[in-house]
Amino acid sequence: MSEPNQPEPLLGITAQDAGMDRMLRRSLTELRDQHAGSPLGDLLDDVLAGRRSLRDVARTPEFDAAVAPAAQKATQQWAALSPEERDTLVAQGKAQLEESRAAAFQEREARAAD
């Protein structure tokens, strides 16, 4: 369950990790903004506003059409990396997640102080 004035987690797996939920929310916001005015943009706006679940939207043809090519490209790019390059990207991702967790904690503390 979320705190007052805080949106529900986007997925069950992010419910216990505010930093991960924050990163997912940021990614969906960027995807929504890239597809503003389209059916996908409207679906993602519903997810971010809490009117629809991400799981439901992820099963739509609109979501698949936008995400599947990007996922395929990312998979190909990952496969082309050296082990050292992969390790670097993993370390960067971990650092970004820690930054997101710290920001989520600061936001929670600020809300508690109000």
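Which residues in α2 meet α4, and which residues in α4 do they meet? Hi everyone, let's start there, keeping in mind that this is a predicted model.

On the α2 side we have P39, L40, L43 and L44, and on the α4 side their partners are E62, F63 and A66. Sorted by character, the residues of this contact come out as six nonpolar, one charged and no polar.

Now the geometry of that pair. Helix α2 covers residues 39-49 and helix α4 covers residues 61-80; their axes come within 9 Å and cross at roughly 105 degrees. Angles from 65 to 115 degrees count as roughly perpendicular, so α2 is roughly perpendicular to α4.

Let me step back to the whole chain. The protein has five helices and zero strands, so if you read along the sequence you get α-α-α-α-α. The C-alpha trace spans about 50 × 35 × 20 Å along its principal axes. Out of 114 residues, 22% count as buried. The exposed surface is about 8000 Å², and 53% of that is supplied by carbon and sulfur atoms. And for those of you who like contact maps: among contacts with a separation of 6 or more, 41% are between residues 24 or more positions apart.

One last stop, in helix α5, which runs over residues 83-113 and holds S100. Is S100 buried or exposed? Its relative accessible area is 1%, and because buried means under 20%, S100 is buried. Leaving aside residues up to four places away in sequence, S100 touches G19, R22, M23 and R26.

That's my tour, thanks for listening!

Notes:
Residues numbered from 1 in each chain as written. Predicted model: local features only at pLDDT ≥ 70, side-chain atom pairs only at ≥ 80, totals over all residues. Heavy atoms only, no water. Helix = DSSP H or I, 4+ residues; strand = E, 2+ residues; numbered from the N terminus. Buried < 20%, exposed > 50% of the residue type's maximum accessible area, 1.4 Å probe, protein only. Contact = heavy atoms within 4.5 Å. Axes fitted to C-alpha atoms, helices over the stretch in contact; angles between N-to-C directions. Parallel < 35°, antiparallel > 145°, perpendicular 65-115°, else oblique. Nonpolar A, V, L, I, M, F, W, Y, C, P; charged D, E, K, R; others polar. Areas by Shrake-Rupley, 256 points an atom, 1.4 Å probe, with all protein chains shown as cover.
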